[in-house]
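Me: I would like a close look at a single part of this model, with the reasoning set out step by step. Please begin with the chain as a whole and then move to the part in question.

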Amino acid sequence: MLQGDFSLPPHAAGLAGAAAAEPVPDRYGFYTGAPSTPLPDSSAAAGGGGGKRRHDALRIIRRREKKWLAMFNNWDRVVAKEFPRLRERCRKGIPDSVRARAWYYLCGACFMQRDQPDLYQRCLAKQPNEKVLDEIDKDLSRQFPHHELFVQDQGHGQQALRRLLQAYSGCHPEVGYCQAMAPLAGALLLHMPELDAFYTMVSLFDTYMRDYFRPGLEAVQVDGQILYGLLKRMYPDVYRHLVKYKVEPLHFMVDWFMCLYVRNLPWPTLLRQRRHLKSFEDTLDCLRNLPASVTEASSLLPTALLLELSAKDFEQEHTKQLKKFNQRKQGRHQMQEAAAA
């Protein structure tokens, strides 16, 4: 339990009123203003209508939890010899109770912590410069301000978030700090202890998002062109719509990719609503404001799993777009040199 006198966000405090009950966070810890939804439990499953269905669902969840716990205890062998089974279990859905631990293992943070147990303390000892510290402090209050962990200004949540961002920036002076780091680090803190969040964050940034936060965002630009290349191949009518209204990848996908969809979930919206988009502004507004009906897991994940894309497809498209990007970059340099001569 967090200590301290946590003040509620303005909209949540207003809901309480003189006679109303004090607002409580929802099942995920957010003060939304809506009644809190209790987590399912065995007593609910034993209730009236739908009791058997709930009981069966809980039984499936418990069985999956045991399988994941068994994998955690034998992770080296699972990764080395049972990867297809691991991938299948991810696609079936990771139980809420083990999801944070699964992230920690799946991204390789467990290996990093095993090999470098003192990395966090070493990084904390390397303070970034004053400009970076100021940028980090400015962003702290913007991260999940209606969540119980971050609702108090300079509370435990914000202090932990500051430490994570300062540690990473201090150990990576060539990268420094980027605003997209904060929502990712904050999201990890919502689900796991600070130390686990640090190793998970470093593993994500240095392995899966390498060069994403460097000046110029070249890696993000390349991935945006990969998105367009795959879109052109699989949904040519959608691709033509974007080209028609001159909607470039960097207009909408930077927040998606750099924040790993923490702020919004992308892409089926365009497939469902494109016929109603008649301008650059309409298209961009749609992509930046995705309706809940298509971003819910029950809709988004099955749609994503239906895409017939293999790892080889991504590798080929990456090679193709990286080559084009480097050619364009070289062409710009040549033009600049010619102009300066």
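Reply:

**Helix α9 and its surroundings**

In this predicted model, buried residues make up 39% of the 341 residues in the chain. The secondary structure comes to 20 helices and zero strands. Among the contacts in the chain with a separation of 6 or more, 69% are between residues 24 or more positions apart.

The part chosen here is helix α9, which spans residues 130–140. At its start, a side-chain oxygen of Asn-129 comes to within 3.1 Å of the backbone nitrogen of Lys-131. The buried residues of α9 are Val-132, Leu-133, Ile-136, Asp-139 and Leu-140. Because they cover an arc of only 130° around the axis, these residues lie on the same side of α9. A general rule underlies such a pattern: an α-helix has 3.6 residues a turn, so residues three or four places apart point the same way. On the other side of α9, Glu-130 and Lys-131 are exposed.

What do the buried residues of α9 pack against? Their partner is helix α10, which covers residues 156–171. One residue of α10 deserves separate attention, namely Arg-162. Its relative accessible area is 17%, and the limit for a buried residue is under 20%, so Arg-162 counts as buried despite its charged side chain. That side chain makes a polar contact with the side chain of Asp-137, at 2.8 Å. With neighbours within four places in sequence left aside, Arg-162 is in contact with Ile-136, Asp-137, Leu-140 and Gln-154. Of these, Ile-136 and Leu-140 also belong to the buried residues of α9.

The loop between α9 and α10 contains Phe-144. The phi of Phe-144 is near 45°, a positive value in a residue other than glycine. Phe-144 is buried, with a relative accessible area of 17%.

A second loop offers a comparison. Leu-217, in the loop between α12 (194–208) and α13, has a positive phi of about 50° although it is not a glycine. At 26% relative accessibility, however, Leu-217 counts as partly exposed.

Helix α14 can be read in the manner used for α9. The buried residues of α14 are Val-238, His-241 and Leu-242. Seen down the axis, they fall within an arc of 95°, so they line one face of the helix. The face turned away from this buried side carries the exposed residues Arg-240 and Lys-244. After α14 comes Lys-246, with a positive phi near 55°.

Helix α14 also takes part in the second largest pocket, as one of the elements that give two or more residues to its lining. The volume of this pocket is about 220 Å³. The residues that line the pocket include Tyr-239 and Val-243, together with Gln-225, Tyr-228, Gly-229 and Lys-232. The elements giving two or more residues to the lining are α13 (218–234), α14 (236–244) and α20 (311–340). Helix α13 gives the most, with four residues. By character, the lining divides into four nonpolar, three polar and four charged residues.

To return to the part under study, the buried side of α9 packs against α10, and Arg-162 of α10 makes a side-chain polar contact with Asp-137.

Conventions. Residues numbered from 1 in each chain as written. Predicted model: local features only at pLDDT ≥ 70, side-chain atom pairs only at ≥ 80, totals over all residues. Heavy atoms only, no water. Buried < 20%, exposed > 50% of the residue type's maximum accessible area, 1.4 Å probe, protein only. Polar contact = N/O pair within 3.5 Å; in protein donor to acceptor, adjacent residues only side chain to side chain. Contact = heavy atoms within 4.5 Å. 1 Å grid on protein atoms, 1.4 Å probe; cavity = no way out; pocket = protein on both sides within 12 Å on 5 of 7 lines; lining within 4 Å. Points joined across faces, edges and corners; volume = space filled by probe spheres on them. Arc of directions from axis to C-beta.
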